[in-house]
Amino acid sequence: MAFWHALLANWQSAWKARGLEPLPRVSLTPPDQKGNLTLNIFPLLKAFQNNPQKAAQAVLEPIPHIAQVEVVRGFINLTFTPAFWQEFLAEALQAPHRGYTRLSLAEGQKIMVEFLSPNTNKPLHLGHLRNLFLGESVCRLWERLGAQVIRANLLNDRGIHICKSMVGWKRFFAPRKPAEVGKKGDHFVGDCYVAFEKAYKAQVDQLKSQGVPEEEALVQAPLFQEAQALLRAWEAHEPEARQLWQEMNSWVYEGFEATLRRLGVRFDRLYYESETYTLGKALVEKGLSKGIFFQAEDGSVWADLSTVGLGRKLLLRRDGTSVYITQDLGTAHRKFSEYPDLTRSIYVIGDEQDHHMRVLKALLAQLDLPYAEKIYHLSYAMVELPTGRMKTREGTVVDADDLLDEMHAQAYALTESSLPENERHTIAEMVAQAAIRFYLLRSDPKKPILFDPAESIDLKGFTGPFLQYGYVRAKRLLEKAAEQGIEYSPNMALPPLQPAEEALLQQLYGLPSFLEGAARGLDPSILAHYGYELTRRYNELYQTLPVLMAPEPERNLRLGLTLVFLEALGAVLETLGIGVPARM
RNA sequence: GGCCCCGUAGCUCAAUCGGAAAGAGCACGGGAUUUCUAAUCCCGCGGUUGCAGGUUCGAGUCCUGCCGGGGUCGCCA
């Protein structure tokens, strides 16, 4: 008996030894067909004069534990023997971490995943949550494959947008502090930013009404002038500017930390743009002296990426200061200096930066840096509202904390009122987070998500709480079994399988291949779909067949199925970052 | 205008290097609870996969053109 990867490895070496090529592809048999696993041998048919039976015979000859075979055109549907399934259940329970819920495919790999990377001038919103959940889940996926993962976060803590918040505070909120107004620090600073933008827009409108063209108005507005002056003061290390900057950022960090603590996310390495924004200059100058980059007449430095279809890219302004990409070059370099043995460096960043990240990679390649090919942009699409994109200025942003609170309230209303108050809140919080996480992870990352605040997030159907509920019920059933002194015995032979039992066994068996697929594709939605289907199959069994009151050996089989189901679903939920209450 | 992503049921999404008769959830209609938690289960309804060609044993998937939505493109981050 072997789990997915070991089983396939055995088969493949047997096929290779017999010269069968190309190798059949193996997948779970679709529900409407009879069988457990399907071998796709279409590509092999030519070698057997288009005779599927002959080809199937050759392919199956070295494979043990087959109870039944159906050959349909280029498909071989095979059904395992009860003895195979008995052994599978026993081993999945005995050592799940050895190839079932944990794999060793990525052992020895060291992967850095940079995600979240927020601006520090406003609180986290729904888009950040998509980034956060995606990043965290990808980390957990690769940890399950055996890799060592470093979670990194680059805080965009300086720049004109930060200065806008600072001016906003000075003009409209000083000397008040978050604690005095009873607000989370990140929300308070966000208010400062919004107040700035509102007043700034009013100034621009006024200038425009006086006949000033918009482009000039945007620059001439006194508030903008003030923000720019503040940025210059900050860059000149003037104490007053630095002190306010530091204090306001500390408010934001407190707020962020509270949200991240609530969501159970921790980073291993924090990068601050205030420390990295001058990095990269040395790299650019080196490239310049080697003739890789060139200097324009006005003194600005450029890269020519037209050979790879990316045009020209500015690297240093004419005053010699860095632009964003310069900082990125420096940070990439720093990452590999700090962790020279990184096998891969993943950036979880929205798809509006596809071009930017392509440029970054191309520049590193031009500089002939060996890690150029190790960086990868995990690009994800935006979360959109029915009205279009979220816009801070228009007040259409769905705030992360608010959303969590709203979902908590919704979930709370569904909890059993006889439970103690604090437990009701614990349950509500877990259900709320499951709902949001699953909702944001169940879609392909590169596809936009449409979020309708009015309808909010479901708690039924294809949702996080559905999986949680399945888990909780199964767990409670086991507790009942324990109370009654019923134990699973791995040595008891299996009875003939009911359809619901066989369907569940089959899905359970597929777990390792889905873990691998989701990790390699950097796509947790694959696992979300797997987990939903798994739970659906367990629910069907639970609903239609008795477990504890069934006679032996049926009871033993269903107990074993329940145990392995919990093992598998537990792994799925953990990987998606979803916790489970004791009851719900 | 150039480049990139997306277009599948009324809505939100699946479909594993191209593989079986394109599947789920929501919504809608019907049914199931003396039985391990009904946040559940079962049945029904619902499709010219944006359009037109091409490649092949086979195309939602690959290629070409077009239509529609979004993003992005030398001194913002």
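## Close-ups of a protein chain and its RNA strand

**View 1. Asp 402 lies in helix α15, which covers residues 400-414.** What you're looking at here is a predicted model. Is Asp 402 buried, exposed or partly exposed? Its relative accessibility comes out at 41%, so Asp 402 counts as partly exposed. Now look for Thr 321: going along the sequence, Asp 402 and Thr 321 are 81 residues apart. In space, their C-alpha atoms are 39 Å apart.

**View 2. Arg 424 sits in helix α16, residues 421-441.** This Arg 424 is buried, yet no salt bridge goes with it. Which side chain of opposite charge is nearest to Arg 424? That's Glu 421, 4.2 Å away. A salt bridge would need the charged atoms to be within 4 Å, so this pair doesn't count as one. Arg 424 does have a polar contact, though: its side chain pairs with the side chain of Thr 415 at 2.8 Å. If you skip the neighbours within four places in sequence, the residues in contact with Arg 424 are Tyr 412, Thr 415, Glu 416, Ser 417 and Leu 419.

**View 3. Here is RNA strand B with the 62 residues that surround it.** The closest of these are Arg 25, Phe 75, Tyr 469, Tyr 542 and Leu 545. Sorted by class, the surface near RNA strand B has 26 nonpolar, 13 polar and 23 charged residues. Several helices and strands supply at least two residues each to that surface, including β1 (25-28), β4 (75-80), α17 (464-483) and α20 (524-544). Now flip to the RNA side: of the strand B atoms within 4 Å of the protein, 58% belong to sugar or phosphate, and the rest belong to bases.

**View 4. Zoom in on Thr 38, Arg 317 and Asn 539 beside RNA strand B.** Which part of the RNA does Thr 38 meet? One of its polar side-chain atoms lies 3.0 Å from a base nitrogen of strand B. For Arg 317, an N or O atom in the side chain is 2.8 Å from a sugar or linking oxygen of the RNA. Asn 539 also has a polar side-chain atom by a sugar or linking oxygen of strand B, at 3.2 Å.

**View 5. Stepping back, chain A shows 21 helices and 14 strands.** Its C-alpha atoms fill a box of roughly 85 × 65 × 40 Å along the principal axes. How much of chain A is buried? Out of 584 residues, 53% are. And among the chain A contacts with a separation of 6 or more, 74% come from residues 24 or more positions apart.

Conventions. Residues are numbered from 1 along each chain as its sequence is written. Chains are lettered from A and ligands numbered from 1 in the order in which they are written. This is a predicted model: local features need pLDDT of at least 70, side-chain atom pairs count only at pLDDT 80 or more; totals for chains, interfaces and linings use all residues. Side-chain values use heavy atoms; hydrogens and water are left out. Helices (H or I, at least four residues) and strands (E, at least two) are DSSP runs, numbered from the N terminus. Buried means under 20% relative accessible area, exposed over 50%, partly exposed in between (1.4 Å probe, protein chains only). Lys and Arg count as positive and Asp and Glu as negative; His and the chain ends are not counted. A polar contact is a pair of N or O atoms within 3.5 Å; within protein, one must be able to donate a hydrogen and the other to accept it, and residues adjacent in sequence count only if both atoms are side-chain atoms. Contact means heavy atoms within 4.5 Å. A residue is near a molecule or strand if one of its heavy atoms lies within 4 Å of it. Ala, Val, Leu, Ile, Met, Phe, Trp, Tyr, Cys and Pro count as nonpolar, Asp, Glu, Lys and Arg as charged, and the others, Gly among them, as polar.
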